[in-house]
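User: I should like to go through the reasoning behind several labels attached to this structure. Please set each value against its cut-off.

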Amino acid sequence: MTCQGHTPNVTKYVLSVLKFTYPTLFQGWQTLIGGLLLHISWKLGWVEINSNSRAKVLAWLPSSMLFVGIIYAGSRALSKLSIPVFFTLHNASEVIVCLYQKCISKELISSSKIWSAVFLLVAAGCLPFYDSQFDQAGYFWAAIHLFCVGSYKILHKAWKSNMLSDIDQQYLNYIFSVVLLAFASHPTGDLFSVLEFPFLYFYRFHTSCCASGFLGFFLMLSSVKLKNNMAPAQHTAWIFFAKVMTAGFSIFLFDTVLDVAMVACLLLGGLGEALLVYSERTST
């Protein structure tokens, strides 16, 4: 649930077109809206939140710190990279999970999942050499993003048996993110630099920020509902389909330069994720 909570096309518009490059404020706003809407939904009885156990909350804090790393680094990367490239690099986080399962937890991994990790790694490794819109800072932040995503998934699986529900986890992630990003906005310079943003009082900027926050929340909530009412393989397949559709639409919405080698890398990454979906189906 590390990517599903975002609305990439709307976020990309704010970050790249309007050039609102103040991630502590932008992600702080998104998580504030998400946290408030989730709290309201809880009070209205639409969702159930049980995060009263101090031990479980404290145990989840490392994951919440990784969540902040995911959204902060992801925001910095998405402002520099196209959405298909960002998704391909994001998906490479499965390589970290696969290495952990194979080398540390000594789990039995299917051949399809191993090949999936290989394809994802090759696709992500080749992209910087064939991306005509290559941006060093973008790839740097994408690398941090995928490391945080992979570590988050590992912690999530490690604590799955005795931890909080997905809604509880997201509620704590929202709270922790708002607090940490609010404190980080001053030392990063975002708090005062934003006053120089040329579209600060522009209605399209306000509309896009609101849309990103609200749509991100409803996307997260829909993903949790689907996850709870579907088999894991079906949920993974729906997420894969949503990514393909989002990446496809983004090509027409934003300036994306593609050539044969670039398309081959993206298709290889797509094949890797498709194999991951297949491995989920065969393991259930």
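User: Which residues is Trp46 in contact with, leaving aside its neighbours within four places in sequence?

Analyst: In this predicted model, Trp46 is in contact with Ser41 and Lys225 once neighbours within four places are left aside. Contact here requires heavy atoms within 4.5 Å. Trp46 itself is found in the loop between H2 and H3.

User: Why does Trp46 count as buried or exposed?

Analyst: The relative accessibility of Trp46 is 61%. The label exposed applies over 50%, so Trp46 counts as exposed.

User: How far is Trp46 from Ser151 in sequence and in space?

Analyst: The two are 105 residues apart in sequence, and their C-alpha atoms are 30 Å apart in space.

User: What puts Ser75 in its accessibility class, and which residues does Ser75 touch?

Analyst: Ser75, which lies in helix H3 (residues 54-78), has a relative accessibility of 4%. Buried means under 20%, and Ser75 therefore counts as buried. Not counting residues up to four places away in sequence, Ser75 touches Leu15, Pro23, Phe26 and Gln27.

User: What makes helix H1 mostly covered?

Analyst: In H1 (residues 8-17), 8 of its 10 residues are buried. These are Pro8, Asn9, Thr11, Lys12, Tyr13, Val14, Leu15 and Ser16. The elements covering them include helix H2 (23-43), H3, H4, helix H10 (203-229) and H11. After H1 comes Lys19, with a positive phi near 60°.

User: Why is H4 described as roughly parallel or antiparallel to H11?

Analyst: Two packed helices are described by the angle between their axes and the distance between the axes. Helix H4 (residues 83-91) packs against H11 at about 150°, with the axes 8 Å apart. Angles over 145 degrees count as roughly antiparallel, so H4 is roughly antiparallel to H11. On the H4 side, the contact is made by Ile83, Pro84, Phe87, His90 and Asn91, and on the H11 side by Lys243, Thr246, Ala247, Ser250 and Ile251. By class, 5 of these residues are nonpolar, 4 polar and 1 charged.

User: How many aromatic pairs are there, and why is the pair of Phe140 and Trp141 called edge-to-face?

Analyst: The count comes to 10 aromatic pairs. For Phe140 and Trp141, the ring centres lie 5.4 Å apart and the planes meet at 75°. Pairing requires centres within 6.5 Å, and edge-to-face requires planes over 60 degrees apart, so this pair is edge-to-face.

User: How do you know whether Phe140 and Trp141 are buried or exposed?

Analyst: Phe140 has a relative accessible area of 47%, which lies between the limits of 20% and 50%, so Phe140 is partly exposed. Trp141, at 18%, falls under 20% and is therefore buried. Ring pairs also link Tyr72, Phe140 and Trp141 into a cluster.

User: What makes Trp238 and Phe241 an aromatic pair, and of which kind?

Analyst: Their ring centres are 6.1 Å apart, with 85° between the planes. The first value is within 6.5 Å and the second is over 60 degrees, so the pair is edge-to-face. Both residues lie in helix H11 (residues 232-253), 3 residues apart, about one turn of the helix. Trp238, with 46%, is partly exposed, and Phe241, with 45%, is partly exposed as well.

User: What is the basis for saying that the charged end of Lys43 sits over the ring of Trp42?

Analyst: The charged end of Lys43 is 4.6 Å from the centre of the Trp42 ring. The distance limit is 6 Å, and the charge must also be within 35 degrees of the ring normal.

How values were computed:
Residues numbered from 1 in each chain as written. Predicted model: local features only at pLDDT ≥ 70, side-chain atom pairs only at ≥ 80, totals over all residues. Heavy atoms only, no water. Phe/Tyr/Trp six-rings, centres within 6.5 Å; stacked < 30°, edge-to-face > 60°. Buried < 20%, exposed > 50% of the residue type's maximum accessible area, 1.4 Å probe, protein only. Helix = DSSP H or I, 4+ residues; strand = E, 2+ residues; numbered from the N terminus. Axes fitted to C-alpha atoms, helices over the stretch in contact; angles between N-to-C directions. Parallel < 35°, antiparallel > 145°, perpendicular 65-115°, else oblique. Nonpolar A, V, L, I, M, F, W, Y, C, P; charged D, E, K, R; others polar.
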